[in-house]
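Me: I would like to work through this structure step by step, with the reasoning behind each answer set out. Please take the questions one at a time.

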Amino acid sequence: MGEARRPPPPDWVVQVGIGQGSPPVCVHVGGCDMAGARVRPLSRAQVLEALDRGIEPCQYCRPDSEVGHLG
């Protein structure tokens, strides 16, 4: 019953490192199994900005391909 009420995952997320103020580690498509627990939702514009700044895209879910980032 709880699963049915759970909101859908965001379209994209950024994985952050351990500790307060840790820098972003990797960008993922929302719901990626490789993302781990420390993630924050991102908009499409934020994904493009993060990729432009050099934050790595997940090699498993390929968020860069999803948003059309030519890097």
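Me: Of the contacts in the chain with a separation of 6 or more, what percentage comes from residues 24 or more positions apart?
Reply: This is a predicted model, and the value is computed from its atoms. The contacts considered are those in the chain with a separation of 6 or more, and the share that joins residues 24 or more positions apart is 48%.

Me: In what pattern do the helices and strands follow one another along the sequence?
Reply: The chain holds 3 helices and 4 strands. Read along the sequence, they give the pattern α-β-β-β-α-β-α.

Me: What radius of gyration does the chain have, and what does the globule rule give for 71 residues?
Reply: The C-alpha trace spans about 40 × 30 × 20 Å along its principal axes, and 35% of the 71 residues count as buried. The chain is as compact as a globular protein of that length, because its radius of gyration is close to the value from the globule rule: 12 Å for the chain and 11 Å from the rule.

Me: In which order do the strands lie in the open sheet?
Reply: Strand β1 (residues 12-16) pairs with β2 (residues 24-29) in the antiparallel sense over 5 bridges, one of the bridge partnerships being that of V16 with P24. β1 also pairs with β3 in the antiparallel sense, over 4 bridges, and here W12 has L42 as its bridge partner. β2 and β4 (residues 56-57) run parallel and are joined by 2 bridges, with C26 partnered by E56. The pairing is therefore mixed, and the order of the 4 strands is β3-β1-β2-β4.

Me: Which strands stand at the edges of that sheet?
Reply: An edge strand here has a single partner strand, so one side of it is left without a neighbour in the sheet. The two strands in that position are β3 and β4.

Me: Which residues of helix α2 are buried, and why do they line one face of the helix?
Reply: Seen down the axis of α2, the buried residues fall within an arc of 95°, so they line one face of the helix. The face turned away from that buried side carries the exposed residues A45 and D52. Cover for the buried residues includes β1, β2, β3, β4 and α3. Within helix α2 (residues 44-52), the buried residues are V47, A50 and L51.

Me: Which residue with a positive phi follows α2?
Reply: The phi of this residue, which comes after α2, is near 100°. The residue is G54.

Me: Which residue forms a salt bridge with R53, and which with R62?
Reply: A search of the whole structure finds 2 salt bridges. In one, the side chain of R53 meets its partner at 3.6 Å, N to O, and that partner is E49. In the other, the closest N and O atoms are 2.5 Å apart, and the partner of R62 is D64.

Me: Does D64 count as buried or exposed?
Reply: R53 counts as exposed because its relative accessibility is 54%, while E49, at 45%, counts as partly exposed. R62 has 29% relative accessibility and therefore also counts as partly exposed. The cut-off for a buried residue is under 20% relative accessible area, and at 11% relative accessibility D64 counts as buried.

Me: What percentage of the area that the chain exposes is supplied by carbon and sulfur atoms?
Reply: The chain exposes about 5000 Å². Of this area, the share supplied by carbon and sulfur atoms is 53%.

Note on methods. Residues numbered from 1 in each chain as written. Predicted model: local features only at pLDDT ≥ 70, side-chain atom pairs only at ≥ 80, totals over all residues. Heavy atoms only, no water. Pairing = 2+ DSSP bridges. Buried < 20%, exposed > 50% of the residue type's maximum accessible area, 1.4 Å probe, protein only. Arc of directions from axis to C-beta. Contact = heavy atoms within 4.5 Å. Rg over C-alpha atoms; globule rule 2.2 N^0.38 Å. Areas by Shrake-Rupley, 256 points an atom, 1.4 Å probe, with all protein chains shown as cover. Salt bridge = Lys/Arg side-chain N within 4 Å of Asp/Glu carboxyl O.
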